[in-house]
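Me: I have a structure open and want to go through its details with you. Can we start with the aromatic rings?

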Amino acid sequence: MNNVARKPNANEESAFGRFIENIKAAPRRFAETMFRSGKPHSDRTRSTFVFGNVFLHLHPVRTHRWSLRWSTTWGLGIAAASCFFVLLATGVLLMFYYKPYPDVAYLSIKDIHFVVPTGRFMRNIHRWSGNMMVVIVLLHMARVFYTAAYRAPREFNWVMGMGLLALTLGLSFTGYLLPWDQLAYWAITIGANIAQSPREVTDALGMTQWFDVGGLQKLILLGSEDVGEEALIRFYLFHVMILPLAMVLLMAVHFWRIRKDGGLARPIDADTRLGPPPGDVYPVFTEAPEKTYSLAAIVKGKTPIVGRGPEQTIPSMPHLLFGEAAVFMLTIVLSVILAILLDAPLKEVANPAVPENPAKAPWYFLGLQELVSHSAFMGGIGIPMIVLLGLGLIPYLDRETEGTGAWFGGPGGGMLVVRSAIFGLAAVLAVEAFAIRFGWIRQWWPNTPQLVITFLNPGTVLTFLYAAYSVWCLRKYNSTRAGALGLFTCFICGFVVLTVVGSYFRGPNWDFYWSPSQWPGY
Amino acid sequence: MTTEAKPTQTGRSRLDPEAMPRRDFLGLAAWWSAAAALLFGFLGAMRLPKAAVLPSPSKKFRVALPASLASGQSYVPAGRSVAIYKEESGVYAISTICTHLGCLVKATDNGFDCPCHGSKFRKDGSVLRGPAPKGLPWLEVKPLGGGNLLVDEGKTVAAGTTVIV
């Protein structure tokens, strides 16, 4: 064989020689064919690297410098998506051992915690990523709101984001039952009865026997009247199948719309604010473009950067992709550190005969539980619906353009946000302090009809105060955006304060205590 | 495409022609019937998750009160969320499921306390304070003879209804 190989042109002549050469070259050629256009060394190959790759072509080929500043997004959207991918991976691993059947479920979680190799670690990461995802999604929403990035043409993507928030909370809630411990059992009992709470209104109107939407909701959710095996398998199905699929679908639409809506929102004067691009940025339009706009030429409406050169953009590979990878790594690092430091809790096995006292929902629902402790229907369904509707309508009511893409942009700006935060905090603290100190209507007049309490309780009073303040802002600054800034800031303040009160200052019988050390029995 | 898109008289381009009203009715009818079919199909499929037979245990149970049960003292049978009282006027049963959000209330000397959101009820089950929208229901009790009672958690009776055993 060696003799043959030494002769010139021998390889072309002998089929066997060519075969051997091809075998030697196979690994290199495999690597080359994996990426359709070679390694991303030049601007041209960097472009084809992104749009020629099924996983990367979601990204633009070039990204505006404004989008790449950390202060534009703080990477929150990518961080939320990263949490979801971590949850997907660890969740699938946990499914190897988890058995969704009462009592057996508890034992399988115990197995995962104490026996399964890396089981405790994976469960901890799953739990912490889940918690982080809730926080990050809320922060991401706040970022989009405060930079006024929900405005046209991005209205619909804001609504998609609301859907993703609801799915995130739904996934957390359904996952909460799966360990089948006391914490899970009573939190879900309360949650299922919140679903049933429209009965509070239908009962008061005397129409429950014909129109029992509350009972139907609970029946569909639990598959029974109590939390039992039917409820567990349903929550499991929702947690591992229905909600993740819906999440992936909405995420796809959400990401795709970012591209189609022209990338991230930025101020009109972003280019002057950024200054000239650094010297190493390649001015694309100095070379004759070889492509026409093809179909983009006849499509109506704005398409990304037509009519001017992409001077302020830089190649997505490596600038955007490396940034995304960095956020992904940071997210994983944070959840791993938390998972090492703090174990996911597991109380004693669920006991339908003995309620936890206090029985608390997951922390992000404790604000709601605080509202629910005044009225089940208004706190659990009425006010959340008002909040969701109000948030969803923001981009359709605020049709202004001033301040788009800038932090706290719009009339009033940062000062209005500070003032709204002070009002929001003062209002929620005053209402809570009053209700804790003096009680509410039923303590003063025990025979008050239920409908009065349903519609006049600390939660509804607070909602009214916030709405009134928002209208006041709108009139004072003569701007819908100012009203929205006031309302959203108040909403954040209310959410935080109610959550903190529910988490740290409520003890047995949902009584107020300054610290858990004062709880009776301690 | 080398030919130019000629604007028509109305100023519209060939690429964006005016809608044909003649086809609107048929087109809309097709869309709406497809949507209606999907909706009814979905509603029909949704009958599946709404259980026709509930897996929960029977709401009726038989119980014998302990002889030592004093007046004003509650007896809660194991595994049941019912407090049974025996007074001179007769026997009665009150549900211990809080009408607020379904936690189990605890019978105290003065009535019932809910551990979850602080609802308090009087001895007769009526709401004293807290978020509970209505009082604890009284449940149907039937004497079976020989000191045995049949309690039905699914049937409520008017507050104050007692049964002589």
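Me: Which residues do ring pairs link into a cluster?
Reply: This is a predicted model. In chain A, ring pairs link A:F145, A:Y146, A:Y150, A:W158, A:W407, A:F408, A:F488, A:F491 and A:F495 into a cluster.

Me: What lies over the face of A:F145?
Reply: A:R481 does, at 4.9 Å from the ring centre. Another arginine, A:R69, lies over the face of A:W66, with 3.9 Å to the ring centre.

Me: How many aromatic pairs does the structure hold over all chains?
Reply: The count over all chains is 32. One of the aromatic pairs is A:W363 with A:Y364, which is edge-to-face, at 5.1 Å centre to centre and 80° between the planes.

Me: Is A:Y364 buried or exposed?
Reply: A:Y364 is buried, because its relative accessible area is 7% and the limit for buried is under 20%. Its partner A:W363 comes out as partly exposed, at 31%.

Me: Got a stacked one?
Reply: A:F505 and A:F512 are stacked, with 5.8 Å centre to centre and 15° between the planes. Both rings belong to partly exposed residues: A:F505 has 22% relative accessibility, and A:F512 has 26%.

Me: Switching to confidence. What pLDDT does chain A average?
Reply: The average is 87, and 91% of the residues score at least 70.

Me: Which element of chain A has the lowest mean pLDDT?
Reply: That is helix α1 of chain A, residues 2-6, with a mean of 50. The highest mean among the elements of chain A, 96, belongs to helix α7, residues 76-95. Where pLDDT is low, the predicted coordinates should not be read in detail.

Me: Noted. Where does helix α3 of chain A bend?
Reply: Helix α3 of chain A, residues 15-34, bends by about 50° at A:A26. A proline, A:P27, follows within four residues.

Me: And what happens at the start of α3(A)?
Reply: A side-chain oxygen of A:S14 comes to within 3.2 Å of the backbone nitrogen of A:F16.

Me: Backbone oddities next. Where are the cis peptide bonds?
Reply: One runs from A:A152 to A:P153, with omega near 5°. A:P153 sits in the loop between α9 and α10 of chain A. Another cis bond joins A:M317 and A:P318, with omega about 10°, and A:P318 lies in helix α16 of chain A. For context, most peptide bonds are trans.

Me: While we are in α16, what is A:S316 doing?
Reply: A:S316 lies in helix α16 of chain A, which covers residues 316-341. A:S316 counts as buried at 0% relative accessibility. A polar atom of the A:S316 side chain lies 2.5 Å from the backbone oxygen of A:P60.

Me: Any positive phi outside glycine?
Reply: A:A148 has phi near 55°. A:A148 is in the loop between α9 and α10 of chain A and is buried at 0% relative accessibility. A:W180 also has a positive phi, near 55°. A:W180 is in the loop between α10 and α11 of chain A, and A:W180 is buried with a relative accessible area of 4%.

Me: Now chain B. How many helices and strands are there in chain B?
Reply: Chain B has one helix and nine strands. Along the sequence the helix comes ahead of the strands, in the pattern α-β-β-β-β-β-β-β-β-β. Of the 165 residues of chain B, 30% count as buried.

Me: What does β9(B) pair with?
Reply: Strand β1 of chain B, residues 60-64, runs antiparallel to β9(B), residues 148-157, and five bridges join them. In that pairing, B:R62 has B:L150 as its bridge partner. β8(B), residues 138-145, also pairs with β9(B) in the antiparallel sense, over seven bridges, and here B:V141 partners B:V151.

Me: How many residues lie between β8(B) and β9(B)?
Reply: Two, in a hairpin, and B:G146 in the turn has a positive phi of about 70°.

Me: Last one: which strands of chain B form the open sheet?
Reply: Four strands form it, in the order β4-β5-β6-β7, with antiparallel pairing. The edge strands are β4 (106-107) and β7 (127-129) of chain B, each pairing on one side only. β4(B) and β5(B) are joined by two bridges, and the bridge partner of B:A107 in β5(B) is B:F112.

Methods: Residues numbered from 1 in each chain as written. Chains lettered and ligands numbered in written order. Heavy atoms only, no water. pLDDT = per-residue confidence, 0-100. Bend = angle between axes of the 7 residues up to and from the residue. Polar contact = N/O pair within 3.5 Å; in protein donor to acceptor, adjacent residues only side chain to side chain. Pairing = 2+ DSSP bridges. Phe/Tyr/Trp six-rings, centres within 6.5 Å; stacked < 30°, edge-to-face > 60°. Buried < 20%, exposed > 50% of the residue type's maximum accessible area, 1.4 Å probe, protein only. Lys NZ or Arg CZ within 6 Å of the ring centre and 35° of its normal.
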